[in-house]
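Reader: I would like a close look at a single part rather than a tour. Please pick one sheet and go through it closely, then say what lies around it.

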Amino acid sequence: MSTTKRVTMLYGREGMNLSVPAESEILRGKHPPAMENPGKTIRAGLEQPIGCAPLRELLRKKKPRTTAITISDITRPVPNKTILPELLKVLNEEGIPDAAVVIVVGTGLHRPSTPEEKVELVGEQILKRIRVVDHLAADKSTVVKVADAPPVFVNKIFVESDFRIVTGLIEPHFMAGYSGGRKGICPALVDLDSVQRFHGHQVMADPHSANGILAGNPCHAESLRIAKTVGCDFLVNVAISSDRRVAGVYAGHMESAHAAGVRDVEQWTTALVEKTFDLVITSGGGYPLDKTFYQTGKGIVSAMEACNAHSTLLIVSQCEEGIGSPSFTEMMSEWSGRWQQFLKHIANTPVKHDQWQVQMMCRAMARVGGEQILLVSELNPKDLRKTWVQSVERVGNAQDRAQQAIDAFLKNHPAARIAVVPEGPYTMLRRMGDTK
């Protein structure tokens with residue numbers, strides 16, 4: 001009888017412990033250690049940045065009357081409470097008062113932040129000191145045009161500020177190659193039409209619009225083009241450890257600092273896959289990423305590198321907020337069981353809000369099919385029927401249901417090759433010999 005081992009999966013805020021056969025392969029990155037004094041490292045990054053002059057020198061040269069700092073929204077575990085105090089300290093010391101600073105939450109097309117989420121994002125003290133506003137992509141009164149042919153509109157507060165600082169997190173991204181850098185402006189701060197255009201059918205259909213690829217990636221190229229058009233005076237990006245603490249700091253020029261971070265993150269997050277597996281167990285990334293099924297698609301698509309046409313994928317993702325936006329939910333429901341027809345349809349129709357996430361789900365359907373993707377979540381039965389995948393609806397809590405699904409699979413496939421990806425989309429799977 002096979003012995004077992006316990007694996008902790010990212011799931012909601014608390015995680016989930018599962019038992020798998022001892023010979024199961026655990027696919028994860030190198031897990032860089034968290035920095036003992038991240039504030040000190042951030043200060044050093046501001047004083048000795050990558051590819052540009054120190055922040056103080058730039059401020060003294062430009063003498064800005066207004067400064068905008070953009071941060072990621074609640075779906076990204078960026079340690080803003082560590083980054084922002086260091087930035088604000090330098091700004092204040094260079095004569096820029098709190099009243100001249102605005103923090104813009106780069107929501108992209110995500111919903112606005114709740115009051116509680118703003119506290120979680122920046123902390124009560126900063127929220128009392130600094131004006132914090134959400135970007136509203138669909139509100140034309142809050143954006144200004146920065147380019148023609150095609151027209152691009154960007155958050156007015158950010159564009160019209162004398163000094164622009166972009167913050168964010170560098171991690172694998174299943175469309176744009178890596179997050180961070182230029183994404184803090186586009187899609188974070190652009191208008192609805194721009195997001196829809198550079199997430200269009202042709203862009204998403206390009207095989208280079210994938211995890212870990214920047215060269216030749218049209219999603220990355222368009223995002224970078226718009227970000228450079230707007231302009232970024234200073235970038236502060238971080239990489240994080242498995243417990244969501246700062247593991248790397250990349251401050252300075254938007255492209256140079258981001259490139260340095262990408263090199264580290266690639267090494268830290270890559271897990272090599274020699275062969276595909278019969279059962280792949282993965283996660284939606286835990287809180288805050290697994291709040292919706294919309295974001296869960298990242299975990300599903302990212303796991304496809306370990307799957308073949310006969311594989312079963314089990315994903316655990318809490319989805320406490322439901323499916324996602326009304327548009328995404330409607331498309332998932334309307335095209336359930338007809339993903340091939342969906343791809344044909346969007347090839348010749350205007351881009352809809354969140355269409356790109358449905359299109360990325362089609363990559364998983366093409367690899368393994370919805371009947372071979374099992375979901376353990378907190379979705380209600382009505383929503384579960386809209387997800388294109390199979391819900392694990394058995395007895396007990398989420399952990400019990402996930403374990404029952406594993407045990408049932410092993411009963412029917414006792415010699416199965418099994419892989420576990422505990423961090424889900426935060427791990428970048430690559431086939432042996434792949435030179436992406």
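Author: What follows starts with one sheet and then moves outward to its surroundings.

The model is predicted: local features need pLDDT of at least 70, side-chain atom pairs count only at pLDDT 80 or more, and totals for chains, interfaces and linings use all residues. Residues are numbered from 1 along each chain as its sequence is written, and side-chain values use heavy atoms, with hydrogens and water left out.

The sheet is open and has six strands, in the order E3-E19-E15-E16-E17-E18, with parallel pairing. Strands (E, at least two residues) and helices (H or I, at least four) are DSSP runs numbered from the N terminus, and two strands pair if DSSP finds at least two bridges between them. Strands of a sheet pair through backbone hydrogen bonds, either parallel or antiparallel. The edges are strand E3 (25-26) and strand E18 (390-391); each has a single partner strand, so one side of each is left without a neighbour in the sheet.

At the E3 edge, two bridges join E3 to strand E19 (residues 418-421), and the two run parallel. Glu 25 has Ala 419 of E19 as its bridge partner. Further in, E15 and E16 run parallel and are joined by six bridges. Ile 281 stands opposite Leu 314 in E16.

Is E15 enclosed or open to the outside? Six of its seven residues are buried, so E15 is largely enclosed by the rest of the structure. Buried here means under 20% relative accessible area, exposed over 50%, and partly exposed in between, with a 1.4 Å probe and protein chains only.

Helix H11 (residues 293-302) lies across strand E15 (277-283), strand E16 (307-316) and strand E17 (373-376), and runs at about 135° to E16. Such angles run from 0 to 180 degrees between N-to-C directions, with axes fitted to C-alpha atoms, for helices over the stretch in contact. The loop between E15 and H11 holds Pro 288, which is joined to Tyr 287 by a cis peptide bond with omega about 5°. The loop between E16 and helix H12 (326-334) holds Cys 319. Cys 319 is not a glycine, yet its phi is positive, about 55°. At 2% relative accessibility, Cys 319 counts as buried.

Next, the side chains. In soluble globular proteins, nonpolar side chains tend to be buried together. A nonpolar core is a set of buried Ala, Val, Leu, Ile, Met, Phe, Trp, Tyr and Cys residues joined through side-chain atoms within 4.5 Å. The largest such core has 83 residues, and those that touch the most other members are Leu 27, Ile 185, Val 280, Phe 293, Ile 300, Ile 373 and Trp 388. Helix H14 (residues 355-367) supplies the largest share of this core, seven residues. Leaving out residues up to four places away in sequence, Val 280 touches Ala 303, Ala 306, Cys 307, Thr 312, Leu 313, Leu 314, Ala 419 and Val 421; contact means heavy atoms within 4.5 Å. There is also a second, separate core of 35 residues, including Leu 59, Val 105, Phe 163 and Ala 251.

That leaves the empty space. A cavity is a set of points, on a 1 Å grid over the protein atoms alone, where a 1.4 Å probe fits but cannot get out, and lining residues have an atom within 4 Å of a point. Grid points are joined across faces, edges and corners, and a volume is the space filled by probe spheres set on the points. Four cavities of 30 Å³ or more are counted, and the largest has a volume of about 450 Å³. Its lining has 34 residues, of which Arg 76, His 110, His 173, Lys 183 and Pro 187 are the closest to its centre. E4, strand E9 (163-169), H11 and H14 each give two or more residues to this lining. The most come from E9, with four residues.

E4 and E9 belong to another open sheet of six strands, ordered E6-E5-E4-E9-E12-E13, with mixed pairing. To return to the part you asked about: H11 lies across E15, E16 and E17, and H11 is also among the elements that line the largest cavity.

Note on methods: 1 Å grid on protein atoms, 1.4 Å probe; cavity = no way out; pocket = protein on both sides within 12 Å on 5 of 7 lines; lining within 4 Å.
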